[in-house]
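Hi everyone, thanks for making time this morning. I'd like to walk you through one structure, so please pull it up on your screens.

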Amino acid sequence: MNSRVENNRKRFKPYLLSFLIILLSIGGIYLVLTLLNKNDYASFEGAAKSYIQILEKKEYKKLNNVLDEQSYKSLDYTLAEVTDKYNRIFNGLNITDIHASQISLEKVKTNLYELSYQLSFTTPLGSLENLKYKTEIIKSDDNYVVKWEPSLIFPGMEGKDKIAYQYFKAERGEIQDHLGNGLAINENFKSMGIVPKDLGEGQEKEDNLQNISEQFDLSLEEINKKLDQSWVKDDLFVPMKTMEASKAKQVTGVSYQTIKLRYYPLKEAAANLIGYIGKVTKEDIDKNPRLADGDMIGKAGLEMAFDKQLRGKDGGEISIVAANGEKKQVIQQVEKADGEDIQLTIDSYIQSEAFKQFAGKAGSTVVMNPKAGGLYALVSSPSYDPNKMVQGISQQDYDFYAKDEDKPFISRFAVGYAPGSTFKTITASIGLDANVTYPDKLRQINGLSWQKDGSWGGYSVTRVSDVQNVDMHKALIYSDNIYFAQEGLEMGEDVFRNGLSKFIFGEELELPIAMNPAQISSEKTFKSDILLADTAYGQGELLINPIQQAVMYTVFQNEGKIVYPTLLADNGSTKTKEAILSSTAAEMVRSLKEVVSNPNGTAHLLYNPQYQLAAKTGTAELKSKQGENGNENSFLLAFDTEQDNFLMLSLVENYTKGSSATQLNKSLIEKLYAYFGMQ
């Protein structure tokens, strides 16, 4: 029995061993096949990754390592042509931020995988998202390569198709005055240039160049430098100078091309307000990546403040076109949006006339609609011609501006000054409201200088006219510093500051002009009677720019309300603020009319029986300490009291005899009355 079982076992062992060997063989083959498949997939995957990386990094020189040669040759392309096509499109169009997603690799059959992916990138027109691509990766001579066709550049491309890019430049919006007159407009200009072959040869050429130099104020050195540029060819137009179309001359050897440029009709008269445009810099592009090299943006003034609205948005179209130029498919399209026009409250006539009065002297004039708040003129003198900035300013002209001691690039209407005696109108108003000052209150003042007591040491308040028995009317007529210093001291700092707080000190005005808020003093308290007294007659540490001064003085034409300024014609409702009592405003108007009508008044030069003009003059002396002679700034506040058509605040820096703000603006006031039909 045992021997039979044992014999059966002996017979079964060889079969079992064979079976085990077969199983192991099958398992080994499966394992080998699995490993081979894994290695095979890894190789295809590696080829896919290399290809995608080349696309993302735009490393097109490496395409020779990943593309199937037969695929592009069968389409009548060389590798150089494929590489050049990628470079021309992706680098030529400045396509950036290329990113692949949804990458999928599917086996189709042995030695063939299908690769699908999506590309997103940024073109000059904006983002293109998730373009879908599909191709095959094959094994060829132990290499794993991508089958190439033009649709791998852009889906839909085939054969010898190309990519066309059209750029639609948005036209910059214009800046207009309240009547629609242009302050910054787009104008056709002439680009004057030379086509070298038109100059002739030898002596004829030399004579023509000499004539061009003389006719267009260009040095021969400058002309030859431009003609010697590396890109210049005998039949190419070489730009030399940009000029107004009316100034183009017919000169042998000279040609013209029409170009559109920004133009500023008021030139120097409005330069500090309107500003100018210029080409973007690297710093501009770093701040705003939407900008591109060659773009024009606002560089100063309102051109800069409103740049986004004025510039609009460029448009364009990227499309696939056949070799014959026929458009086949639009890939990306962005409609251009021209910039908005900006209409201001500025009046071109008033702006120009106000600027003329300075005749190059340093200063500023603000003319305002005292009822609605619209600013008719914001003048700063001296100034510069913004058209030179746009057309290409010469180094000589720029140096002239830069070295001018009066600094023509400064916008004086936004610079803080001590307001001088015009500010006495505010002090008197606060005093009237506080029942400290009243019209017929007399002060006995003797001499031309005064000090509170011996604690003031060597300091004293001085005045120009030795008038005794001074009341408020006389103090305004003669512009008496001592009277207002004493009124300020009697009010005391708390009452005086409380009155000042009702004006616009410390406030940011809603204007597109950079400026510091008006300042009463450097610190929150005066900390001395001297500073309180000085502030009361318009000096001390007061810093108020011409715009802010004009705004404060609107109380007199608005029954005690401040009217806030506006510069945009469609600014909506007028913003106001209660500052003084209406009875105080009426009393001040009566007094300021006397400053003009009274023969002793400091503004009597402006008197005309046809006008109902109120005014206050002022000077602010600039010196390091008392006893020294310092330069003086001259101020004039003037406003119409019959129809309240205008309020003017003018400043002349470092004025000399015969050039006070009152003297320089007499003609302007007459023109304002005529312009508003009040004569």
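Let me begin with what I mean by a nonpolar patch: it is made of residues with over 30% relative accessible area and no salt bridge, and their nonpolar side chains are joined within 5 Å. Please also keep in mind that this is a predicted model.

With that in hand, which residues make a nonpolar surface patch here? They are Leu179, Tyr349 and Tyr675, and the patch covers about 280 Å². If you want to find Leu179 on your screen, look in the loop between strand S6 (175–176) and strand S7 (182–194). Leu179 has a relative accessible area of 53%, so it counts as exposed.

There is a charged patch as well. Asp198, Glu201, Glu204, Glu206, Asp207, Asp234 and Asp235 form a negative surface patch. Let me pick out one of its members, Asp207, which sits in helix H4 (residues 202–215). Asp207 has a relative accessible area of 43%, which makes it partly exposed.

Now to the salt bridges. Side chains of opposite charge can pair when their charged atoms come close. How many salt bridges does a search of the whole structure find? The search gives 38, and I'll show you three of them.

Let's take Lys147 and Glu136, whose side chains meet in a salt bridge at 3.4 Å, N to O. Lys147 is in the loop between strand S4 (143–146) and strand S5 (162–168), while Glu136 is in strand S3 (residues 126–140), so this pair ties together parts that are 11 residues apart in sequence. Both ends are partly exposed: Lys147 has 34% relative accessibility, and Glu136 has a relative accessible area of 26%.

Next come Arg311 and Asp307, with a salt bridge of 2.9 Å, N to O. Both lie in helix H9 (residues 307–311), and because they are four residues apart, about one helical turn separates them. Here the two ends fall into separate classes: Arg311 is partly exposed at 22% relative accessibility, whereas Asp307 is buried, with a relative accessible area of 9%.

My last pair is Glu353 and Lys671, where the closest N and O atoms are 2.7 Å apart. Why does this pair tie together parts that are 318 residues apart in sequence? Because Glu353 lies in helix H10 (residues 348–356) and Lys671 lies in helix H19 (residues 661–675). Glu353 counts as buried, at 7% relative accessibility, while Lys671 is partly exposed, with a relative accessible area of 29%. Coming back to Asp307 and Arg311, they belong to one network together with Arg172, Arg262 and Glu303, joined by salt bridges that share partners.

Let me finish with a pair of strands. Strand S15 (residues 363–368) pairs with S16 in the antiparallel sense, over six bridges. To trace one bridge yourself, start at Gly363, whose partner in S16 is Ser381. The two strands form a hairpin with six residues between them, and in that turn Gly373 has a positive phi of about 90°.

And is strand S16 mostly covered or mostly open? Mostly covered: S16 runs over residues 375–381, and seven of its seven residues are buried. In a regular strand the side chains alternate between the two faces of the sheet.

That's my tour, and I'm happy to go back to any view you'd like.

Note on methods. Residues are numbered from 1 along each chain as its sequence is written. This is a predicted model: local features need pLDDT of at least 70, side-chain atom pairs count only at pLDDT 80 or more; totals for chains, interfaces and linings use all residues. Side-chain values use heavy atoms; hydrogens and water are left out. Patches are made of residues with over 30% relative accessible area and no salt bridge: like charges are joined within 9 Å, nonpolar side chains (Val, Leu, Ile, Met, Phe, Trp, Tyr) within 5 Å. Accessible areas come from the Shrake-Rupley method with a 1.4 Å probe; for residues, only the protein chains shown count as cover. A salt bridge is a side-chain nitrogen of Lys or Arg within 4 Å of a carboxyl oxygen of Asp or Glu. Lys and Arg count as positive and Asp and Glu as negative; His and the chain ends are not counted. The place of a charge is taken as NZ of Lys, CZ of Arg, CG of Asp or CD of Glu. Buried means under 20% relative accessible area, exposed over 50%, partly exposed in between (1.4 Å probe, protein chains only). Two strands pair if DSSP finds at least two bridges between them.
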